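Work through the exercises below on disulfide bonds. Try each task before reading its solution.

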Amino acid sequence: MRKLAPGLFAVSALVASLFASPAAQAAGPSASQLLAKLTSCSQISSGKYRSDSETSANIPVCGKNGAVWYKADLDVDCDGQRTAKCSESTDPWFQPDTAFHDSKGKPLVADKLPYVVVPSPSGTWDYRKFGIQGGGVVAVIYNGRVDYAVVGDTGPTAIIGEASYASAVNLGINPNPENGGTDGPVHYLYFKNSKVSPIEDHAKATSLGESLAQQFLSQN
């Protein structure tokens with residue numbers, strides 16, 4: 001490769017930085033900045049959740065200004081449209097539907113769209129009464145990473161801590177629905193009254209999420 005003259009090298013470096021992909025540029029609050037606001041819990045759920053069916057119920061849903069959050073594990077959800085990675089052949093618990101659908105009325109695609117599974121409404125907690133809805137933005141924080149997802153599915157009324165195959169990949173977690181996931185801790189930070197349209201537009205979710213996360217820091 002031909003070497004650049006010193007002056008041209010500086011210009012080249014500047015141009016490269018301007019055209020770097022969004023993923024390569026730091027944008028939005030860091031994981032540590034967000035976690036610094038999640039050190040204590042003001043419980044808003046009437047009871048507590050289990051992380052899995054065999055564990056004890058010790059996970060509360062907590063309230064913050066403009067947000068709700070909880071700390072749990074991450075089980076991998078592969079529900080939605082069938083793909084090579086998500087189907088009955090890859091996931092013993094596979095369901096060909098999601099609670100919320102894309103702009104074409106079809107189930108979401110778990111291995112392409114980062115989404116979070118919120119517990120179905122119950123006496124323990126009803127997400128709908130706290131400004132949470134399908135397509136709402138969620139910051140999922142794990143191991144120094146922040147991934148912005150949408151509320152895409154509902155799950156059991158007693159268990160909490162689940163996100164899509166794509167969310168696991170983005171967070172560096174084994175996405176295998178049968179033996180992947182992580183015990184965490186994973187923090188799920190839901191921004192109240194937010195909504196991405198169309199729900200399948202992850203770039204919009206990320207852009208809106210970064211803005212809402214910055215607002216969250218200033219309000220808490």
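**Exercise 1.** In this predicted model, classify cysteine 78 as buried or exposed. Do likewise for cysteine 86.

*Solution.*
- Step 1. Recall the cut-off: buried means under 20% relative accessible area.
- Step 2. Cysteine 78 has a relative accessible area of 0%, so cysteine 78 is buried.
- Step 3. Cysteine 86 has a relative accessible area of 0%, so cysteine 86 is buried.

**Exercise 2.** Describe the link of cysteine 78 and cysteine 86.

*Solution.*
- Step 1. The sulfur atoms of cysteine 78 and cysteine 86 lie 1.9 Å apart, and the two residues form a disulfide.
- Step 2. The torsion about the S-S bond is -60° and the link is left-handed.

**Exercise 3.** Find the partner of cysteine 41 and give the handedness of the bond.

*Solution.*
- Step 1. Cysteine 41 is joined to cysteine 62, with an S to S distance of 2.0 Å.
- Step 2. The torsion about this S-S bond is about -100°, so the disulfide is left-handed.
- Step 3. Now place the ends. Cysteine 41 sits in the loop between helix H2 (31-35) and strand S1 (62-64), and cysteine 62 in strand S1, so the bond ties together parts 21 residues apart in sequence.
- Step 4. Check accessibility. Cysteine 41 is partly exposed at 37%, whereas cysteine 62 is buried at 2%.

**Exercise 4.** What is the pairing of the bonded cysteines, numbered in sequence order?

*Solution.*
- Step 1. The structure holds two disulfides.
- Step 2. With the bonded cysteines numbered in sequence order, the pairing reads 1-2, 3-4.

Note on methods: Residues are numbered from 1 along each chain as its sequence is written. This is a predicted model: local features need pLDDT of at least 70, side-chain atom pairs count only at pLDDT 80 or more; totals for chains, interfaces and linings use all residues. Side-chain values use heavy atoms; hydrogens and water are left out. A disulfide is a pair of cysteine sulfur atoms within 2.5 Å. Helices (H or I, at least four residues) and strands (E, at least two) are DSSP runs, numbered from the N terminus. Buried means under 20% relative accessible area, exposed over 50%, partly exposed in between (1.4 Å probe, protein chains only).
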